[in-house]
Amino acid sequence: MSNKGLTQKSAPAASVSVVEDRDVQGLFIKKLQLQEGAKAIVRFLTDGRDVIDDTFHRQVPKQVKTTIFKTDVLCTRPNGSCKHCDEGLYKTAKMFLTWVWVEKIFYKNKPNAQYNPTTLEKDDEGSEYWVEEVNGPMVWQQTMGKGFYLYNQLTSIYRQNKSLRIGKFTISRTGSGIDTTYSIMPVMSSFTTDERHMPDELVAMSENLPDLEKFAAGKLTKIPFSVLGISPEDSQKVQKVTTKRSVPQELDDDDLTSKLVDPLADELDDISTIF
């Protein structure tokens with residue numbers, strides 16, 4: 001069964017079916033995927049009671065038009081059958097999903113392609129990064145970490161504060177391959193000012209974002225323009241701009257020209273050892 005919430009396990013198992021929002025006018029849901037040495041400033045839009053965790057098959061090839069990429073696919077064995085389990089080709093891992101509002105992403109190396117322009121800046125510690133201004137919702141889908149260390153960080157934040165919708169946090173990635181680690185650290189200045197409280201507009205958005213279970217099951221793929229506060233008139237302009245960068249979210253920005261894209265290959269050299 002799918003587990004919903006950082007302190008309870010009560011959600012029904014999700015099942016993979018046809019996409020429900022195929023005709024919905026909106027933007028495709030993006031995932032927050034950090035490169036080695038990168039970090040992101042975020043707010044959690046998902047409350048601790050609504051974080052999803054489940055078992056996924058890793059790096060299953062999927063084709064969109066002429067592009068082949070790899071993605072993580074929900075295991076449907078709890079519902080009685082799973083073709084990926086039957087094939088026995090793709091390793092599984094426990095993963096969690098949460099909505100985050102991403103303010104900025106800091107890259108150690110300038111990415112070859114991204115959704116927004118980057119500028120070379122220094123962070124609060126004086127280190128130089130290529131900074132991408134995002135200011136939009138993304139799904140952070142991540143493995144639990146060895147010994148569930150990463151998931152435990154998230155759980156600890158929730159237990160201490162009775163919510164995840166507080167202040168801002170820095171999600172950082174260091175290392176690669178079996179040495180990859182992530183951390184979730186509070187942006188302390190946001191906890192001592194009015195920034196501790198989530199802006200009303202983000203609260204309203206968080207209550208109307210697509211259901212994470214259905215996203216995990218592949219049933220929902222878009223955020224409606226209405227949820228993003230984009231008017232019908234402006235939506236046409238947005239669609240024209242985003243169509244130019246409408247690559248599948250799992251595509252590796254370092255190798256967009258590759259016909260077979262493997263964005264997490266360095267983390268999957270030995271998945272059974274890592275997790």
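Reader: Why is Asp72 called buried?

Author: Buried means under 20% relative accessible area, exposed over 50% and partly exposed in between, using a 1.4 Å probe and protein chains only. Asp72 has 12% relative accessibility, so Asp72 counts as buried. Keep in mind that this is a predicted model, where local features need pLDDT of at least 70, side-chain atom pairs count only at pLDDT 80 or more, and totals for chains, interfaces and linings use all residues. Residues are numbered from 1 along each chain as its sequence is written, and side-chain values use heavy atoms, with hydrogens and water left out.

Reader: What makes Asp72 and Arg58 a salt bridge?

Author: A salt bridge needs a side-chain nitrogen of Lys or Arg within 4 Å of a carboxyl oxygen of Asp or Glu. Here the N to O distance is 2.7 Å, so the pair fits that cut-off. It links distant parts of the chain, with Asp72 in strand β5 (residues 67-74) and Arg58 in strand β4, 14 residues apart. Strands (E, at least two residues) and helices (H or I, at least four) are DSSP runs, numbered from the N terminus.

Reader: How do you know that Lys104 and Glu133 form a salt bridge?

Author: Their closest N and O atoms are 3.7 Å apart, and the cut-off is 4 Å, so the pair counts. Lys104 lies in strand β6 and Glu133 in strand β8 (residues 128-143), so the pair ties together parts that are 29 residues apart in sequence.

Reader: Why is Lys104 called partly exposed?

Author: Lys104 comes out at 25% relative accessibility, so partly exposed is the right label. Glu133, at 37%, counts as partly exposed too.

Reader: Why is there no bond between the sulfurs of Cys82 and Cys85?

Author: A disulfide is a pair of cysteine sulfur atoms within 2.5 Å. The sulfur of Cys82 is 3.7 Å from the closest cysteine sulfur, in Cys85, so they are too far for a bond. Cys85 has its own closest cysteine sulfur in Cys75, but 3.5 Å is also too far. The whole structure holds zero disulfides.

Reader: What makes β9 and β10 a pair of strands?

Author: Two strands pair if DSSP finds at least two bridges between them. β9 and strand β10 (residues 181-186) have six bridges, in the antiparallel sense, so they pass. One of the bridge partners is Tyr182 in β10, facing Arg173.

Reader: Why is strand β9 said to be largely enclosed?

Author: Five of the six residues of β9 (residues 169-174) are buried, so the rest of the structure largely encloses this strand.
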